[in-house]
Amino acid sequence: MIVQRVVLNSRPGVNGNPVAENFRVEEVNLPNNINEGQVQVRTLYLSVDPYMRCRMNEDTGTDYITPWQLSQVVDGGGIGIVEESKHLNFTKGDFVISFYWPWQTKVILDGNGLEKVDPQLVDGHLSYFLGAIGMPGLTSLIGIQEKGHITAGSNQTMVVSGAAGACGSLAGQIGHLMGCSRVVGICGTQEKCLLLTSELGFDAAVNYKKEKVAEKLRELCPAGVDVYFDNVGGDISDTVISQMNRNSHVILCGQISQYNKDVPYPPPLPPAVEAIQKERNITRERFLVLNYKDKFESGILQLSQWFKEGKLKIKETVMNGLENMGVVEKR
């Protein structure tokens, strides 16, 4: 059987921006027979995430994700349907997910690396298992639970950077659900600002490309910032940390502004900002959701419940066609 797959065609360089030409679509033969313990699956959805920029380098800079290899199939979060199974846990028609799903139209996988999912948890929106009811949702929820130190009724203010992204858009909503009295998002267009305040329940939003972030934050967070869900790093985060209260908390989710640069993770703060952090006893610890696998099951059930109750609004961008994966990655 002939199938399509996406391979890494070239690397952008540690300080370069990804381009569509870094990827290549090719056709390969899929074996007609599967072995004991394997399943053949048809790919339904693949996820493109910021961390993948690190996998495009020869060295990812981390110990928990491996680099993609040149001319080898690219992989990441994926969901598909079982077409044939020789694994005891799966039968034809099951929906399964994996964090290491090859970017391929159909694929033969080791069943031990797959997890069966229940479409009822997402009301049939299977792609949500790669987003709000999946790893981005768990990252937001567990990050806030473990590192946010939110106490309902204590009048806390949360700021979220990258607030219209996969994690940020959920983090702001979860902050409210867990007891923050005020949530302010930072993003890069007026359309995104409007989405945050009109649909996702944020109390206010700052357009960092058009507004002076420091001034706007002082206006929108008059009591200072107690919890900062940091998706971006860089100048924006330096500005937010400078306005954080004593004994406040940074949830270090991502550092998108730094991913095209050859810097350590998490990037060190400038000396002046680091001095503020230490003087005000602001916690800023590396957060890795994979260290909390024991909380995944309960987390998925909580996210699903909020979604079904209409308390968690979900936004996603979907592009059709495997041949567009490199284009999506560039975005």
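**A look at the open sheet**

Five strands, in the order 6-3-4-5-7, make up an open sheet here, and their pairing is antiparallel. The two edges are strand 6 (106–110) and strand 7 (115–116), each of which pairs on one side only. Keep in mind that you're looking at a predicted model. As background, strands of a sheet are held in pairs by backbone hydrogen bonds, in either a parallel or an antiparallel way.

**The annotated span**
- UniProt, in an unreviewed entry, puts the feature "domain: Oxidoreductase N-terminal" at residues 5–117.
- Over residues 5–117, 41% is strand and 4% is helix.
- The C-alpha atoms at the two ends of that span, residues 5–117, are 24 Å apart.

**Strand 3 and its two partners**
- Strand 3 covers residues 38–46 and pairs with strand 6 over 5 bridges, in the antiparallel sense.
- To find that pairing in the structure, start at Val41, whose bridge partner in strand 6 is Val107.
- Strand 3 also pairs with strand 4, again in the antiparallel sense, this time over 7 bridges.
- For that pairing, look for Leu46, which sits opposite Gly78 in strand 4.

**Strand 4 meets strand 5**
- Strand 4 takes in residues 75–85, while strand 5 takes in residues 95–102.
- These two strands, 4 and 5, are joined by 6 bridges in the antiparallel sense.
- A handy marker here is Gly76, with Trp101 of strand 5 opposite.

**Walking across the sheet**
- Begin at the edge with strand 6, then step through strands 3, 4 and 5 to reach strand 7.

Technical notes. Residues numbered from 1 in each chain as written. Predicted model: local features only at pLDDT ≥ 70, side-chain atom pairs only at ≥ 80, totals over all residues. Heavy atoms only, no water. UniProt positions renumbered as here; feature names shortened; annotations may be inferred. Pairing = 2+ DSSP bridges.
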